Amino acid sequence: MKGTTQIFQVFAGSLEGNPLGDSSTRSTPVYFPPGYAERKDARYPVVYFLHGFTGSGPSWLNVAAFSLNVPERLDYLISSGVIPPCLGVFVDGWTALGGSQWINSEGIGRYRDYVARDIVNWADRTLQTVAKPGARALVGKSSGGYGALVISRFHPDVFAHVGVHSGDAGFEFCYLHELPQALGPIAKMGGVEHWFKEFRERAQATKMKNDDHPVINMLAMAAAYSPKRGEPLNLELPVDLSSGRLKIDVWNRWLVHDPVRFVPKHLDAYRKLKSIFIDCGARDEFNLRWGTRMVVEELKNGRVEVMHEEFDDGHMNVNYRFERSLTYLAPRLERG
């Protein structure tokens with residue numbers, strides 16, 4: 001790399017006292033373009049990156065075998081002159097349940113506030129930023145792409161540019177098929193708390209099993225979309241554990257958080273954005289292709305300009321797609 005990266009410990013007041021007891025101080029990698037240290041008077045726009053479920057801030061720095069990770073791709077684009085210099089802030093949203101969906105939830109914590117307030121304010125105080133909405137992009141993949149849609153809905157006055165890679169959308173398609181897969185293991189262990197305790201002990205001693213993902217994913221989504229204080233893990237499942245019957249009232253609470261539902265109700269917020277990039281894989285294993293198409297259709301019907309791409313790939317190992325979003329968004333960032 002011709003630029004550099006540094007990991008900062010960032011305190012987030014929004015996360016203090018969160019229900020899961022997760023740390024309010026977060027390891028936050030920052031990418032600095034070439035020449036940043038020498039140009040003391042220069043100011044740079046910022047791309048804020050949101051990771052997917054089970055990711056973390058430092059995980060962005062993981063080595064990608066025979067390929068490039070996202071900070072390396074950002075560095076390549078800048079060093080080769082494809083995009084102008086910018087900063088990259090890789091936000092940490094790890095939780096004890098594997099993720100937060102980047103929303104404010106009574107079951108997880110105030111992760112939307114953490115991004116839109118704590119992280120942005122920290123960056124503007126600490127880094128050589130251009131401190132205005134037009135100089136900020138919010139880009140994420142999977143749950144991070146979902147978070148970019150959610151946060152920009154509430155905070156178009158903070159982030160004026162948004163990139164969504166394979167974001168959760170179309171909840172009937174991306175979540176319902178996993179609910180039956182999650183029921184058996186939970187029922188076998190005698191409930192949510194017993195399963196989670198055994199899972200954490202086993203995962204720490206050895207590793208996650210393939211059939212753990214539907215379970216921990218359902219628990220994390222329930223903590224985000226249908227939290228309920230006093231229930232095990234402070235969440236309410238959208239299915240009955242004994243019969244498997246869908247609890248319509250709880251499921252409807254999930255649907256309120258579906259971009260297919262909330263995007264058409266908040267078109268005024270999305271019209272305030274200066275640019276939106278959305279993509280997905282035609283072979284996405286979580287069926288997100290269809291929810292993505294629906295969201296794009298709603299935006300276009302609402303006269304919101306959006307760049308939409310679909311590629312012949314699945315959900316995993318698609319860091320190369322960030323080159324497309326960054327090439328589209330970074331030149332549009334204000335620089336002064």
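Me: What makes helix α7 count as largely enclosed by the rest of the structure?

Reply: Happily, a simple count settles this: 12 of the 13 residues of α7 are buried, so the helix is largely enclosed. Buried means under 20% relative accessible area, with exposed over 50% and partly exposed in between (1.4 Å probe, protein chains only). Helices here are DSSP runs of H or I, at least four residues, and strands are runs of E, at least two, numbered from the N terminus. The model is predicted: local features need pLDDT of at least 70 and side-chain atom pairs 80 or more, while totals for chains, interfaces and linings use all residues. Residues are numbered from 1 along each chain as its sequence is written, and side-chain values use heavy atoms, without hydrogens and water.

Me: What covers the buried residues of α7?

Reply: The cover includes β5, α3, α4, α5, α6 and α8, where contact means heavy atoms within 4.5 Å.

Me: How do you know that the length of α7 is close to the expected one?

Reply: The expected span is 1.5 Å times one less than the number of residues. For the 13 residues of α7 that gives 18 Å, and the helix reaches 18 Å from its first C-alpha to its last.

Me: Why is the set containing Tyr 48, Leu 127 and Trp 254 called a nonpolar core?

Reply: The name fits because a nonpolar core is a set of buried Ala, Val, Leu, Ile, Met, Phe, Trp, Tyr and Cys residues joined through side-chain atoms within 4.5 Å. This one, the largest, has 84 residues, and those three have the most contacts inside it. Helix α7 supplies the largest share, 10 residues.
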